[in-house]
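Biologist: Thanks for sitting down with me. Could we walk through this model together, one question at a time?

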Amino acid sequence: MENKNDFTQTNETQFTNPTPQPDFQQPNQQPFYQPPVNDKKSVGLNIISFFIPLVGLIIYLVQKDTTPVKAKSAGKSALIGFILGIVLSIVYAVVFASLFGKAMDEIENDPDFSYGDYSDYDLDALYDELYN
């Protein structure tokens, strides 16, 4: 079977282009504009990271590839806040335990302290006075 467009046809469908197109070359393009990355320490993120260390950890993990300086700063603040929180908790527990122990010693050694011994009172007379 003859084709009018100079295409050849075999058992398999195979076409050849009678007139090859010239190679198309892209004109020189400007690279896509990417704004400069603001990678400097952030005071606000550091404060948040210090007081809420979990947020600082999340900020570090999210931004460590894109803005490493900011992420490292937030991570350090979170670590300092976490460690300081643990230290202050231990100090608080020790102070509370010592104050509680001292108060218990004073209560036990005070001869005038009573745990509710009302034997010195005439409860029947007090009842009669209040309700009669």
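Biologist: Let's start with a pair of tyrosines: about how many helical turns separate Y127 and Y131 in helix α4?

Modeller: Happy to, and keep in mind that this is a predicted model. Helix α4 covers residues 123-131, and Y127 and Y131 are four residues apart in that helix. The separation of Y127 and Y131 is therefore about one helical turn.

Biologist: Which kind of aromatic pair do the rings of Y127 and Y131 make?

Modeller: The ring centres of Y127 and Y131 lie 4.9 Å apart, and their planes meet at 45 degrees. Planes under 30 degrees apart would count as stacked and those over 60 as edge-to-face. The pair of Y127 and Y131 is therefore tilted.

Biologist: And is Y131 buried or exposed?

Modeller: The cut-off for exposed is over 50% relative accessible area. Y131 has a relative accessibility of 60%, so Y131 counts as exposed.

Biologist: How many aromatic pairs are there in the whole structure?

Modeller: One of them is the pair F50 and F51, with 5.1 Å centre to centre and 80 degrees between the planes, which is edge-to-face. Elsewhere, ring pairs link Y92, F96 and F100 into a cluster. The search of the whole structure gives a total of four.

Biologist: Going back to the phenylalanines, which class of accessibility does F50 fall into?

Modeller: Its partner F51 is exposed, at a relative accessible area of 63%. For F50 the relative accessible area is 28%, and the range between 20% and 50% counts as partly exposed. F50 is therefore partly exposed.

Biologist: F50 belongs to α1, so let's turn to helix packing. Are α1 and α3 roughly parallel or roughly antiparallel to each other?

Modeller: Helix α1 spans residues 43-51 and helix α3 residues 68-109; their axes are 7 Å apart and make an angle of about 30 degrees. The crossing of α1 and α3 is right-handed. Angles under 35 degrees count as roughly parallel. Helices α1 and α3 are therefore roughly parallel.

Biologist: Which residues of α1 meet α3?

Modeller: On the α3 side, the contact involves K70, S73, A74, S77, A78, I80, G81 and L84. By class, the residues of this contact are six nonpolar, five polar and one charged. The α1 side supplies L45, N46, S49 and F50.

Biologist: How are α2 and α3 oriented to each other, roughly parallel or roughly antiparallel?

Modeller: The axes of α2 and α3 come within 8 Å and cross at roughly 155 degrees. The crossing of α2 past α3 is left-handed. Angles over 145 degrees count as roughly antiparallel. Helices α2 and α3 are therefore roughly antiparallel.

Biologist: Which residues of α2 make the contact with α3?

Modeller: From α3 come P68, K70, A71, K72, A74, G75, A78, G81 and F82. Sorted by class, the residues in the contact of α2 with α3 are nine nonpolar, four polar and two charged. The α2 residues are P53, G56, L57, I59, Y60 and Q63.

Biologist: What about the loop between α2 and α3: is T67 there buried or exposed?

Modeller: Leaving aside neighbours within four places in sequence, T67 is in contact with V37, N38 and D39. The relative accessible area of T67 is 9%, and under 20% counts as buried. T67 is therefore buried.

Biologist: Last one: what percentage of the residues of the protein count as buried?

Modeller: The protein has four helices and zero strands, in the pattern α-α-α-α along the sequence. Of the 132 residues, the share that counts as buried is 9%.

How values were computed:
Residues numbered from 1 in each chain as written. Predicted model: local features only at pLDDT ≥ 70, side-chain atom pairs only at ≥ 80, totals over all residues. Heavy atoms only, no water. Axes fitted to C-alpha atoms, helices over the stretch in contact; angles between N-to-C directions. Helix = DSSP H or I, 4+ residues; strand = E, 2+ residues; numbered from the N terminus. Parallel < 35°, antiparallel > 145°, perpendicular 65-115°, else oblique. Left-handed = near helix turned anticlockwise from the far one by under 90°. Contact = heavy atoms within 4.5 Å. Nonpolar A, V, L, I, M, F, W, Y, C, P; charged D, E, K, R; others polar. Buried < 20%, exposed > 50% of the residue type's maximum accessible area, 1.4 Å probe, protein only. Phe/Tyr/Trp six-rings, centres within 6.5 Å; stacked < 30°, edge-to-face > 60°.
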